[in-house]
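Let's take a walk through this protein model together. Have the sequence and the 3D view open as you read.

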Amino acid sequence: MKCPQCVYSNPDGVKFCLSCGEKFFKDNGQEDENSYFYEFAHYVDMVPKIERTIEPKFQNVFSRVFRNHTELEAERLFIVGTALTTPKISEVKDTWPKPWLFARVFIIALLAFAGFYMGVTYFGNVNFLPGLIIVGAFAVPFTTLIFFWEMNAPQNIAFYRVFYVVLIGGVLSMLVALVFFNILKNNINPITIGIAEELAKAITVITFVRYRKYRYILNGLLIGAAVGAGFAAFETAGYALRALLSGDGANLYNTILWRGIFAPGGHIAWAALTGAAFCRVQGDHPFNLNMLFRFRFLRVFALVVLMHALWDTPIKGMFPFGQIFLMLASWVVVFLLIRAGLKEIGERKITV
């Protein structure tokens, strides 16, 4: 079937419509599993897959991580979210996407970090130190962010926009947090730290989603994760620089290592949960301050503040066992909200 309006043929003989997204077919009339449409349809779930399921089973969600993927497949993933490549809600099914690119990004980051490490340790070249700190600080947060981006089933947010939120949202949320810390400077404790930083990230996330068409729970998870990734990476870079300036090289690597290990369950997950909770409350409605006082939002925000406060509490055994528990608990809630986001898509399709 060919669209009568706008058919584009690529060098492989695959045809598709840039306007309506009609299916791709080769000249022999057979669907090509290597075509752009097939790869894109796998993410919007237009191509049936027996292995895909709405149940959050890890063997299903991560089943594509250890498969072979071409460079072309990775390139195709980055063109989603534009006016031409964003699927209609009727084309998106409420089944679990199968992210895999995040694992490749992590490997690339590790290789880059290893290169900087060799430059500093074995060659004694201080010019490698800035790269070591930057890559070390961003490796895990950026990898986690790619996971959230791949899990954004509506595929309605372009990657350049996500990168913009990481940089601007990360800096903005840190500045807002400093304002709160100045207000609370005479009463700094784990609870006030949790309130200040989580409120700063929440304000930043809401700023990015309130006026835009990011109305899905999964959108809130992604934008929140982007803000949290920026916050976490910049904060880690700052702590690593402090360790370097103190003259303690071992502390520099320990800071990068441990903050990298715990990064997915800290700022990134907490900001993602806040963003998802807000989008769940806002839906298609215009922003209203009363939304921030609804129970569905407040219970999630209170939970992340509590987790953050416990994370910073100097209780014996909190590091690392307590923080591991909090990280796992955070991701349990993340997966519950991913499931809620997929159900939301199914419910909205019914009303279309």
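We'll start with the whole chain and then move to a few helices and residues.

First, some housekeeping: this is a predicted model, where local features need pLDDT of at least 70 and side-chain atom pairs count only at pLDDT 80 or more, while totals for chains, interfaces and linings use all residues. Residues are numbered from 1 along each chain as its sequence is written, and side-chain values use heavy atoms, with hydrogens and water left out.

The chain has 12 helices and two strands, taken from DSSP runs (helices are H or I of at least four residues, strands are E of at least two) and numbered from the N terminus. Coming from the N terminus, you meet the two β elements and then the α ones. Of the 352 residues, 52% count as buried; that means under 20% relative accessible area, with exposed being over 50% and partly exposed in between (1.4 Å probe, protein chains only). The accessible surface comes to about 17600 Å², and 65% of that belongs to carbon and sulfur atoms (Shrake-Rupley method, 1.4 Å probe).

Now find helix H5, residues 129-151. Its 23 residues should span 33 Å at 1.5 Å a residue, and the end C-alpha atoms sit 34 Å apart, which agrees; the expected span is 1.5 Å times one less than the number of residues. H5 also bends by about 40° at Ala139, with Pro141 following within four residues; the bend is the angle between axes fitted to the seven residues ending there and the seven starting there. Since 19 of its 23 residues are buried, H5 is largely enclosed by the rest of the structure.

Next, look at a helix pair. Two packed helices are described by the angle between their axes and the distance between the axes. For H6 (residues 159-183) and H8 (residues 217-245), the axes come within 7 Å and cross at roughly 60°. The residues making the contact include Val162, Gly169, Gly170 and Ala177 of H6, and Ala226, Gly230 and Phe234 of H8, with contact meaning heavy atoms within 4.5 Å.

Finally, try two single residues. Is Thr274 of helix H10 buried or exposed? Thr274 is buried, with a relative accessible area of 2%. Leaving aside residues up to four places away in sequence, Thr274 touches Ala202, Phe297, Val300, Phe301 and Val304. Ile261, in helix H9 (residues 249-262), counts as partly exposed because its relative accessibility is 40%. Ile261 and Ile324 are 63 residues apart in sequence, yet 9.4 Å apart in space, C-alpha to C-alpha.

Methods:
Axes fitted to C-alpha atoms, helices over the stretch in contact; angles between N-to-C directions.
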